[in-house]
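Me: Please take one part of this structure and look at it closely. Then go on to other paired strands and to some of the charged side chains, in plain terms.

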Amino acid sequence: MVVYNNFEYLSMEEKRLAEDKQKTKYWKRWGPYLSERQWATVREDYSFNGDAWSDFPHEHARSRVYRWGEDGIAGVSDNHQLMCFSFAFWNEKDDFLKERLFGLTSHEGNHGEDVKEYYFYQDNTPTHSYMKYNYKYPQKKYPYESLAAEGYKRTRDEPEYELIESGIYDENRYFDITIEMAKDEEDEEALHFRVTAWNRGPEAAPLHIIPQVWFRNTWGWGLEQEEKNPIPQLSRVSDQTIESDHHKFGKRDIVFAPSPGILEDSEDVVPNFLFTNNETNKAKLYNCSKNDSPYVKDAFHEYIVDENLEAVNPENTGTKSCAWYSFDEEDGILPGDYVTVRFVYRKKTGETQVDAPLDEELFDRVFDKRQDEADDFYYHISPLPISEDLRNIQRQSFAGLLWSKQFYHFIHKQWADGDPASPPPPAERKSVRNQTWKHLHIDDILSLPDKWEYPFFAAWDTAFHCIPLAMIDPEFAKKQLDLLTREWYMHPNGQLPAYEWNFGDVNPPVHAWAAYRTFKLERKIFGREDIDFLERVFQKLLINFTWWVNRKDFDGNNVFEGGFLGLDNIGLFNRSEPLPTGGRLEQADSTGWMAFYCLQMLNISLELAKTRNVYEDIASKFFEHFLLISDAMTYKAVETKNTEDGTIEVTKEVSLWNEKDQFYYDAISWGGPWSQQLPVKSLVGLIPLYACLTLEPEILNKNPSFTKRLSWFVENRPKITQRNIDSMSKRGEGERLLLSLVNKERLVAILEKMLDEDEFLSEYGIRSLSKYHEKNPFSMTVNGEEFTVDYVPGDSNSGLFGGNSNWRGPIWFPTTFLLIESLQRFYMYYGDTLKVECPKGSGDYMNLAKVAENIQHRLINIFTRNDEGRRATNGGNDTFDFDEHWKDNIFFYEFFHADNGHGLGASHQCGWTALVGKLIHDVGVSCKVDLPTTPKATAAHYFDEVLSADISRSGSIKHGANDPRPRLKRRMSTKSTLLTNAMSGLNVKEKNEPLYDSNGDRNTASFNIHSSSDSDYSGDEEDAISRSIRESSRFSNFEASSEPNAHLAEHIRIALARYQNNLNNGDELEARI
């Protein structure tokens, strides 16, 4: 927020977030909570052998009722998925309606499961007051069979076969469909939907747009709590209105506007309402003689495509309905033309208005206002001048993160035992997976990695999601972290659930880091501290930490084995299974993660100790535990053995550091002194860098009990402390102490490899495996079988974990993000006294903060256009890079090719890859862009779209020609035009306040500024900075001619002052403790 003239300005979206938090309005009750793939999930698998992909295939999805969730294209539902909206389309070529996204299963794809559609999350706000989704629907017949056949035929050494390779988009023969939802200003449960479909092809083509609404089938479970509720109903009440009646929501209307016809003299296209029931077509799937209902889930396919007129209910009632708009007059939609569908879901307005048509002009104004408010909100998040390309990338990263929210339902007892109204599952099913997670009872909106490829939560993914989420909606971020530690998620033994395929798998312990970073980001951006959240999560993490110590430190020597730890195929062997060599795998990364975990718990303890002194003792505990882990990982010990010849001393190899290679490696341990290192240069050896922390002198002064214990430890355990604290007498920059797994010499040695372009450093970030192994693979033969790790910069050539991920070379955002933060923390201690060559051999030496910034720029450049106008993530595809209708849409892949930056894996991994939004916020202003030279031109270049003085007298913003989100003038139906003319004659005015007043100035109630750049300063400091910056700022000549521009000018000055201050002294690094 910004305080200007003693007035606090909040954006409208911030006000909605505040209302939702205070529960005065429930802005988040409705949102994008449908999955994009519910079929072939573990929850829907009722097979005897746990083959989820085969038990519920795609071809069943349109005919078979789901038990645990719903899916659809651009789906919207309430927060318990009781009532659902989504969109179906038909091009008169496909054999069935396109009502859900298609992709290959894990068995069919040569690199595992993979969605074969093109869709983009273009915009979304935290309260889902405005959402925008783009889908590229082909006009030719969709190649379902050939996609599966080609994917099955290709080997793991070949790239995936993508839909665009099939030629289906040749000559731009597709419909460019934009689906938007906007909430009403006053009624947060009034949902406005607008679908705009452009024909991008060279010829006219027919299109059928079919909005669908249905109730999730809960009445068929046979559960007592569900049977007491009446079955909900949808029914036709007029030519344009469907009434919904649900026991939770009461009676409401869904009002559909007629759409303007294809030609100028065409009649309006009036929707045809169809009704059926959300019931399984057992006769079709299982050859049953009779269905439970004569009208079943796939009725609309049969009616529209197969022309089976008996498929739908002639009584115009049911639990599922649709509005069928047919744009098939003549040959269909003309090339370059578009059609629009509008409808609204709202509370009853009275019987007398049931036949009143929608006022489409007022309807479209709702979208315009919500878009303007969304623009304001996101400009406030990142107020510094960055290029429009960067701003677009950041905006879509946030949008994808918010679109990836999903209602997730899983109750283990019901899942394992089956429902009373259904046949019991096979007895073998209970022992297939997750049999020890009987306490799970999940019924929440969760942040998912990818709603098609990974339509389930993953614990360590969630932790990274919460960093960009905290920038825009800290309440939701905190809720995610809080939920995973609650007793209906966390195992009674303290383990956090990993993911539904195996809740017992072990993910890296990043929860404490995410909780503390979320706490700090809320404090920094929004100016408030949620100590209760931090303490609540911390208390539960104490249990989780104990689980790690008891279950993963086998010998009690503080060297940990952890399983695959989210890094899938990074090791020589499958790290989730017993080693073929026997023995145990002592993991450098697992031990590094635990040291990192210790330091984060120490951080939180010291934060809580500011107001609760008892936490000083707990801080001391984690300080000591960290030193023990550090010492065990780094040094050797001598063990005494009793033999027949007497007592002898043997060296017990516990060190994971290789002195010769100057790197950390995993080791196989067979007990006692017998172990063997596995010399693979991978992220495993970089992860120990995560475990570093600076102790500020202010913290030590404010926590005398902790400081006393620290001093005692230093005096009484000098050998340990001297090895792991960079001297109590010789303090670093700012009189700080440094806790770290690596000393200066090892830090420099590791960085030498990490910053070597022939090893870890790529043009696009940090490789997960050193390029050294391209010519020097590491192999081991065990029992006649050869195991090999080699450098694979792209898709995996291994079948480990399904082969859809690869940690043997590619670049991954989460692990690199933590490396960046570690470099920043090291800089806080070493400052300019430590400079390293970056890249190696360049002769360019820089401090570690500059190294961190260099890596941040490399990650950002995966998405930005290069000098040729290409984005690395697009893999050289001309359509994606240069076509005007594709080039501004961003794919956020799961991981990236280590040598060329091409996106790989899940194409909508909008969870942890959304971290790029945080990077752009931090260093986007220093990315290489062509900037205007004058202050006024600079302001206009970056802020004209929403915040400039170019405001017309009519009160509308003049959007620039380069606006990546153009506002379209959508044609109105004949009825709406008549209504508008009549309303104008009656001089009826809109009640909602305009965004701008009659003078062209922004209303102060809606023009508000909020920025992470301001909240760390008090009002006096802001005034001082503003006064000093006025004389030297690039914006010193920017004159504000109106109050909104005065707000903007002040905002820019403060933001730039803050940024300049960061450059000068580095005191505001995000990683600062």
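Reply:
**A hairpin, a sheet and some charges**

Five bridges join β8 to strand β9 (residues 130–138), and the two strands pair in the antiparallel sense. This is a predicted model. One of the residue pairs to look for is tyrosine 121, whose bridge partner in β9 is tyrosine 133. Between the two strands of this hairpin there are five residues, and in the hairpin histidine 128 takes a positive phi near 60°. Strand β8 covers residues 119–124 and is mostly covered itself: six of its six residues are buried.

Antiparallel pairing also appears in an open sheet of six strands, in the order β3-β4-β5-β12-β18-β16. The edges are β3 (30–31) and β16 (272–276); each has a single partner strand, so one side of each is left without a neighbour in the sheet. In general, the strands of a sheet pair through backbone hydrogen bonds, and the pairing can be parallel or antiparallel. For β16 the partner to look at is β18 (residues 320–327), with five bridges between the two antiparallel strands. Threonine 276 stands opposite lysine 320 in β18.

Next come the charges. Side chains of opposite charge can pair when their charged atoms come close. The structure holds 71 salt bridges. One of them joins arginine 29 to glutamate 189, with the closest N and O atoms 2.9 Å apart. This pair links distant parts of the chain: arginine 29 lies in the loop between α1 (12–22) and β3, glutamate 189 lies in the loop between β10 (174–183) and β11 (191–199), and the two are 160 residues apart. Their cover can be read from the relative accessible area. Arginine 29 has 24%, and because partly exposed means between 20% and 50%, this residue counts as partly exposed. Glutamate 189 has 5%, which is under the 20% limit, so this residue is buried.

Arginine 67 and aspartate 419 also meet in a salt bridge, at 2.5 Å from N to O. Here too distant parts of the chain are linked, since arginine 67 is in the loop between α3 (58–61) and β4 (73–78), aspartate 419 is in the loop between α10 (412–417) and β21 (441–447), and 352 residues separate them. Arginine 67 counts as buried at 7% relative accessibility, and aspartate 419 is buried with a relative accessible area of 9%.

A further salt bridge brings together the side chains of lysine 610 and glutamate 607, at 3.1 Å from N to O. Lysine 610 is partly exposed, with a relative accessible area of 48%, whereas glutamate 607 counts as buried at 3% relative accessibility. Salt bridges can also be joined into a network: Lys21, Glu475, Lys478, Glu522, Arg528 and Asp530 are linked in this way.

Finally, there is a negative patch on the surface, and Glu92, Glu264, Asp265, Glu267, Asp328, Glu329, Glu330 and Asp331 form it. Glutamate 92 can be found in the loop between β5 (83–90) and β6 (103–104). With a relative accessible area of 36%, glutamate 92 is partly exposed. Patches are made of residues with over 30% relative accessible area and no salt bridge, so the 36% of glutamate 92 passes that limit.

Technical notes. Residues are numbered from 1 along each chain as its sequence is written. This is a predicted model: local features need pLDDT of at least 70, side-chain atom pairs count only at pLDDT 80 or more; totals for chains, interfaces and linings use all residues. Side-chain values use heavy atoms; hydrogens and water are left out. Two strands pair if DSSP finds at least two bridges between them. Helices (H or I, at least four residues) and strands (E, at least two) are DSSP runs, numbered from the N terminus. Patches are made of residues with over 30% relative accessible area and no salt bridge: like charges are joined within 9 Å, nonpolar side chains (Val, Leu, Ile, Met, Phe, Trp, Tyr) within 5 Å. Accessible areas come from the Shrake-Rupley method with a 1.4 Å probe; for residues, only the protein chains shown count as cover. A salt bridge is a side-chain nitrogen of Lys or Arg within 4 Å of a carboxyl oxygen of Asp or Glu. Lys and Arg count as positive and Asp and Glu as negative; His and the chain ends are not counted. The place of a charge is taken as NZ of Lys, CZ of Arg, CG of Asp or CD of Glu. Buried means under 20% relative accessible area, exposed over 50%, partly exposed in between (1.4 Å probe, protein chains only).
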